[in-house]
Amino acid sequence: MSETSGRSNSKLSDSSSVSEQQTADLSIFSGSFDGGVFSSNIPMFNFTGQGSQSALYSPHPFVKSNDPCRLTALTQSMPKEPMNLTPADFGLADFSVGNESFADFTANNSSFVGNFQSSVRSTRLLPSWAVDASGNIRDDLTLPDVVLNGSLIDFAMDRTGVKFLERHFPAENDDEMHRILFDKLTEQSAVFTNLCRSAAGNFIIQKFVEHASLEEQDRLVETMGENGLIELCLDKFACRVVQLSIQKFDESIAMKLVEKISNLDFLPLCTDQCAIHVLQKVVKILPVSAWSFFVKFLCRDDNLMTVCQDKYGCRLVQQTIDKLSDNPKSPCFNTRLQLLHGLMTSVARNCFRLSSNEFANYVVQYVIKSSGVMEMYRDTIIEKCLFRNILSMSQDKYASHVIEGAFLFAPPHLLSEMMDEIFDGYVKDQETNRDALDILLFHQYGNYVIQQMISICISALLGKEERKMLPTEMRLYAKWFDRIKNRVNRHASRLERFSSGKKIIESLQKLSVPMTMTNEPMPLWAVPTPLMDITAQFLNRENFQKRNSVFDE
């Protein structure tokens with residue numbers, strides 16, 4: 001006897017048989033697929049494996065239903081074994097989605113079939129003789145069986161099949177089966193290219209790259225060059241093959257591959273999400289003589305700006321700078337230094353534009369934060385590019401980060417000049433009577449520069465600097481701190497209205513050491529003596545004197 005509820009016919013009789021449940025009317029979700037995408041008939045899939053598919057076929061496409069959705073409940077007596085079903089088993093030959101056939105739709109949306117029924121395995125490209133009843137590759141199948149039956153490409157293009165090939169891959173390059181596989185997968189250019197660009201096939205090509213003999217490495221380089229090397233670098237799967245080739249091939253052969261890359265349209269490679277990894281691998285693995293062409297390419301202003309303004313290209317430029325400035329004691333350092341000088345000349349020449357860009361500012365920050373041989377270029381950028389522009393750059397969203405880094409990493413003599421520029425370097429606005437410090441205190445980006453100045457002063461006065469501070473230097477930091485603190489106290493009521501102002505006030509409260517106040521006596525140990533003053537003058541002359549820039553030559 002049927003059980004009634006708030007919905008009409010919402011439940012079937014408990015005595016209904018399974019077959020009756022299968023042939024029951026199944027309404028479509030009310031309001032679903034209105035004005036739909038589906039352009040032909042669609043079957044009602046029978047996932048139970050019982051009955052004929054034709055019995056469940058709906059003669060009409062999806063339409064609105066005035067009745068609520070009704071779904072049959074499967075009983076516990078239904079079989080639960082996984083089924084190896086493919087789209088063809090559901091009668092989808094003439095089914096289309098939009099303007100695409102079902103085959104094209106599933107090819108372009110590889111997750112569709114997998115999500116449609118999770119128990120369907122990825123062996124649909126494999127021949128029937130290679131799989132067992134449950135859809136798995138047969139346990140007794142061997143690699144020669146696959147080759148003799150002409151199914152090597154089918155296995156290489158299938159997700160499960162390629163794992164079988166990898167497990168049975170003959171690593172020894174003098175093995176007969178190794179040579180047979182290599183010839184079959186590389187003899188046709190179209191096959192090789194498709195394998196490289198396949199989500200599954202690229203793994204078997206990587207296997208050959210890893211275990212190739214010198215002769216095979218040469219053939220692979222030639223094959224890559226003949227089959228559109230730039231397309232391989234730009235492809236998300238094929239770029240892995242190129243990267244591994246650069247890493248695993250003999251250095252002389254890898255340099256041949258890089259030489260072919262240098263002859264390509266190079267700019268798209270520097271700004272592509274996939275190709276950028278190929279160039280990073282070149283810079284990381286090979287000697288600078290193999291990629292000096294890339295540095296010369298960046299020395300041209302237009303190329304440098306285009307690459308640095310890209311979110312992927314800016315990382316490549318930073319890695320190039322790091323590699324060129326690394327290990328000054330190596331024999332090839334003079335060559336690297338010449339290339340680095342040319343690149344840094346271009347960076348300094350375009351420093352203002354680079355600093356104001358969303359991604360390129362990271363390149364300038366990287367130069368400022370680097371140490372060793374890069375310190376002279378850091379000082380040059382601060383002197384030539386940042387001085388007299390600190391106020392304007394501090395008010396820019398991205399350039400303000402560069403100014404913060406310059407305050408943090410500048411040597412003492414340049415830091416003093418930067419502080420003086422903020423305090424006394426600009427004429428007050430006649431209308432508002434505000435100076436640079438007032439402007440930055442209330443600016444949405446400039447306030448971060450002030451916070452960095454406060455942090456630098458506090459760190460020095462609390463003895464957190466790595467180097468030992470002289471008493472004269474301590475007095476200078478205390479003077480800067482007091483000037484900022486007095487100005488903040490003057491505008492405290494206004495600053496408290498803003499979160500940035502509250503942070504500035506809180507940061508000033510971190511320091512309560514009496515010696516920081518210039519109008520209070522200093523401890524006896526910090527009082528300068530004539531000998532200390534003479535020593536300080538000598539150190540200032542020897543260590544903190546202004547360096548001659550390489551760009552002045």
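**Helix 13 and two aromatic pairs**

Colleague: Which residues of helix 13 are buried?

Modeller: This is a predicted model, where local features need pLDDT of at least 70 and side-chain atom pairs count only at pLDDT 80 or more. Residues are numbered from 1 along each chain, and side-chain values use heavy atoms. Helices are DSSP runs of H or I, at least four residues, numbered from the N terminus, and buried means under 20% relative accessible area with a 1.4 Å probe, protein chains only (exposed is over 50%, partly exposed in between). The buried residues of helix 13 are Ile-253, Ala-254, Leu-257, Val-258 and Ile-261.

Colleague: Where do they fall, seen down the axis of helix 13?

Modeller: Look at the directions from the helix axis to the C-beta atoms, which set the arc. The buried residues fall within an arc of 145 degrees, so they line one face of the helix.

Colleague: How are the rings of Phe-266 and Phe-293 arranged?

Modeller: Rings of Phe, Tyr and Trp (its six-membered ring) pair if their centres lie within 6.5 Å; planes under 30 degrees apart count as stacked, over 60 as edge-to-face and the rest as tilted. Here the centres are 5.3 Å apart and the planes at 75 degrees, so the pair is edge-to-face.

Colleague: Is Phe-266 buried or exposed?

Modeller: Its partner Phe-293, at 25% relative accessibility, counts as partly exposed. Phe-266 has 7% relative accessibility, so Phe-266 counts as buried.

Conventions. Helix = DSSP H or I, 4+ residues; strand = E, 2+ residues; numbered from the N terminus.
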